[in-house]
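Here's a walk through one small model, from the overall layout down to a few residues. Have the structure open as you read.

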Amino acid sequence: AYNYEKNTRLDLFLLPSTVLNFLKLLRSLRSSRGHTVLIAGYGEQTGAVARLCSFVLQFDAIEILVTRNYRKEDWQNDLKKCLLRAGITNHPTVLI
């Protein structure tokens, strides 16, 4: 269903550790005022797991793409937009 509703295709190969991380994140985000910081190495599919969790919970997902020219001011502006959007709509939001 995710691939039909979103513009980007999400292909997942779910290892047992990935399923465990998905369930932990799902439980954390589902709790009241739930928040989590994900720190992982390259190739651990944390972004895909976060997008999948936000879809399952029907949360808004905002993804910030960091490029070589991305500066501190860009981060502050992107974070400001995200917080304003989450605060104005009062809808649960996942920042990826």
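Before anything else, a word on labels: helices and strands here are DSSP runs, numbered from the N terminus, with at least four residues for a helix and at least two for a strand. With that in hand, look just past H3, where Gln58 takes a positive phi of about 60°. We'll come back to that residue below.

**The overall picture**

Keep in mind that this is a predicted model. The average pLDDT is 82, and 86% of the residues score at least 70. Confidence varies by element: helix H1 (residues 2-5) has the lowest mean pLDDT, at 63, while helix H4 (residues 72-89) has the highest, at 90.

The protein has four helices and two strands, and they run in the order α-α-α-β-α-β along the sequence. Of its 96 residues, 21% are buried. The accessible surface comes to about 7,700 Å², with 54% of that belonging to carbon and sulfur atoms. Look at contacts with a separation of 6 or more, and 67% of them join residues 24 or more positions apart.

**H3 and its buried run**

Helix H3 covers residues 46-56. Its buried residues are Ala48, Val49, Ala50, Arg51, Leu52, Cys53 and Ser54, so an arginine and a serine are on that list too.

Take Ser54 as an example. Its relative accessible area is just 2%, so it counts as buried, the cut-off being under 20%. Leaving out residues up to four places away in sequence, Ser54 touches Phe59, Ala61 and Val94.

Which element holds Val94, one of those partners? It's strand E2. Val94 is buried as well, because its relative accessibility is 8%. With the close sequence neighbours (up to four places) again left out, Val94 touches Leu29, Ala50, Ser54, Phe59, Asp60, Ala61 and Ile62. Two of those contacts, Ala50 and Ser54, are on the buried list for H3. As for Phe59, its C-alpha atom is 6.7 Å from that of Val94, although the two are 35 residues apart along the chain.

Cys53, also buried in H3, can be paired with a residue from another helix. Arg27 sits in helix H2, and its C-alpha is 9.5 Å from that of Cys53, with their positions 26 residues apart in sequence. Is Arg27 buried or exposed? Exposed, because its relative accessibility is 55%, and that is over the 50% cut-off.

**The largest pocket**

Rolling a probe the size of a water molecule over the atoms shows where empty space is left. The largest pocket found here has a volume of about 600 Å³. How many residues line it? There are 21, and Thr36, Leu38, Val94, Leu95 and Ile96 lie nearest its centre. So Val94, the buried E2 residue that touches Ser54, turns up here again.

Helix H2 (16-30), H3 and strand E2 (93-95) each give the lining at least two residues. H3 supplies the largest share, with four. Sorted by class, the lining has 13 nonpolar residues, six polar ones and two charged ones.

**Two positive phi angles**

Most residues other than glycine have a negative phi. Against that background, two loop residues deserve a look. Gln58, which isn't a glycine, has a positive phi of about 60°, and Asn90, also not a glycine, has one of about 55°. Where does each one sit? Gln58 is in the loop between H3 and strand E1 (60-62), and Asn90 is in the loop between H4 and E2.

Here they are side by side with their accessibility:

| Residue | Phi | Loop | Relative accessible area |
|---|---|---|---|
| Gln58 | about 60° | between H3 and E1 | 63% |
| Asn90 | about 55° | between H4 and E2 | 69% |

Gln58 counts as exposed because its 63% is over the 50% cut-off, and Asn90 is exposed at 69% for that reason too.

Notes:
Residues numbered from 1 in each chain as written. Predicted model: local features only at pLDDT ≥ 70, side-chain atom pairs only at ≥ 80, totals over all residues. Heavy atoms only, no water. Buried < 20%, exposed > 50% of the residue type's maximum accessible area, 1.4 Å probe, protein only. Contact = heavy atoms within 4.5 Å. 1 Å grid on protein atoms, 1.4 Å probe; cavity = no way out; pocket = protein on both sides within 12 Å on 5 of 7 lines; lining within 4 Å. Points joined across faces, edges and corners; volume = space filled by probe spheres on them. Nonpolar A, V, L, I, M, F, W, Y, C, P; charged D, E, K, R; others polar. Areas by Shrake-Rupley, 256 points an atom, 1.4 Å probe, with all protein chains shown as cover. pLDDT = per-residue confidence, 0-100.
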